[in-house]
Amino acid sequence: MRAVLTAGPTLEPIDPVRFLSNRSSGQQGYALAAALADEGFEVTLVSGPTVLPDLAGVTMVRVETALEMMAAVDAALPADVFIAVAAVADWRPSEVSAVKLKLDKSAMASLPLIENPDILKTISRREGHARPSLVVGFAAETHDVAAHARAKRIRKGCDWIVANDVSGDAMGGAQNAALLITPDGEEAFPRAAKAEIAAQLATRIADAVRA
Ligand code: C5P
């Protein structure tokens, strides 16, 4: 059984010293990669910049930008399972300045952005052998968590969605609570250490792939 995961934030350069990013720590994705390796999966973890150490027994691919993450996922596939845990920046500066931008008002008043590829949607929409048999997305929401996540599962075209309430300290924190949404129903995982949530999810994923 082979699994490919994304984790962490992406970092989108503005100039040699500045970037756009987000508060993702990578902890939940790393915990899930480790739990899947414990379940017997051969795991590739495509990680944005984090302070977390490489995982033993997992093939680590370190990237910075969403474009690099997309290319690394493509290089790591095919797999039985693809799990998009990364908080991919939806936008990137449309041009990266080769020199440090000067903070005069005209230069910094607006920052033109273009859309990044949606890695989860891209993989979900592939057909035949190019699509892993199980594609799982994560949904970080601050309100109406279940409703937004159900809609996201359909919009992205993935099989399962793991919904997190990030109105508290889930993003960057050590604990998480999750709602697993599948075509067959929903299961709540109460607030626990991210490693504990990961172990429960990995069991569900291994059962689904074996079946
Ligand atoms: O739409 P939203 O960003 O909230 O969707 C979250 C899910 O989509 C996560 O699984 C995330 O890893 C994935 N995603 C992605 N590529 C993007 C944006 C989100 O894979 N550009």
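# Exercises on a predicted chain

Take the contacts in the chain between residues at least 6 apart in sequence: 62% of them join residues at least 24 apart. The model is a predicted one.

**Exercise 1.** State how many helices and strands the chain has, and decide why it is as compact as a globular protein of its length.

Solution.
- Step 1: the secondary structure consists of six helices and twelve strands.
- Step 2: the globule rule gives 17 Å for 211 residues.
- Step 3: the radius of gyration of the chain is 17 Å, close to that value, so the chain is as compact as a globular protein of that length.
- Step 4: along the principal axes, the C-alpha trace spans about 60 × 35 × 35 Å.

**Exercise 2.** Describe the surface and the charges of the chain.

Solution.
- Step 1: 47% of the 211 residues count as buried.
- Step 2: the accessible surface is about 10,400 Å², and carbon and sulfur atoms hold 54% of it.
- Step 3: there are 21 positive and 26 negative side chains. The centres of these two sets are 5 Å apart.

**Exercise 3.** Place Thr10 in the chain, and determine whether Thr10 is buried or exposed.

Solution.
- Step 1: β1 (2–7) and β2 (12–13) are joined by a loop, and Thr10 lies in this loop.
- Step 2: a residue is buried under 20% relative accessible area.
- Step 3: Thr10 has 0% relative accessibility, so Thr10 counts as buried.
- Step 4: leaving aside neighbours within four places in sequence, the contacts of Thr10 include Leu20, Ser21, Asn22, Pro49 and Glu64. Also among them are Thr65, Ala66, Met69, Ala87, Val88 and Ala89.

How values were computed:
Residues numbered from 1 in each chain as written. Predicted model: local features only at pLDDT ≥ 70, side-chain atom pairs only at ≥ 80, totals over all residues. Heavy atoms only, no water. Helix = DSSP H or I, 4+ residues; strand = E, 2+ residues; numbered from the N terminus. Rg over C-alpha atoms; globule rule 2.2 N^0.38 Å. Buried < 20%, exposed > 50% of the residue type's maximum accessible area, 1.4 Å probe, protein only. Contact = heavy atoms within 4.5 Å. Areas by Shrake-Rupley, 256 points an atom, 1.4 Å probe, with all protein chains shown as cover. Lys, Arg positive; Asp, Glu negative; His and termini not counted. Charge placed at Lys NZ, Arg CZ, Asp CG, Glu CD.
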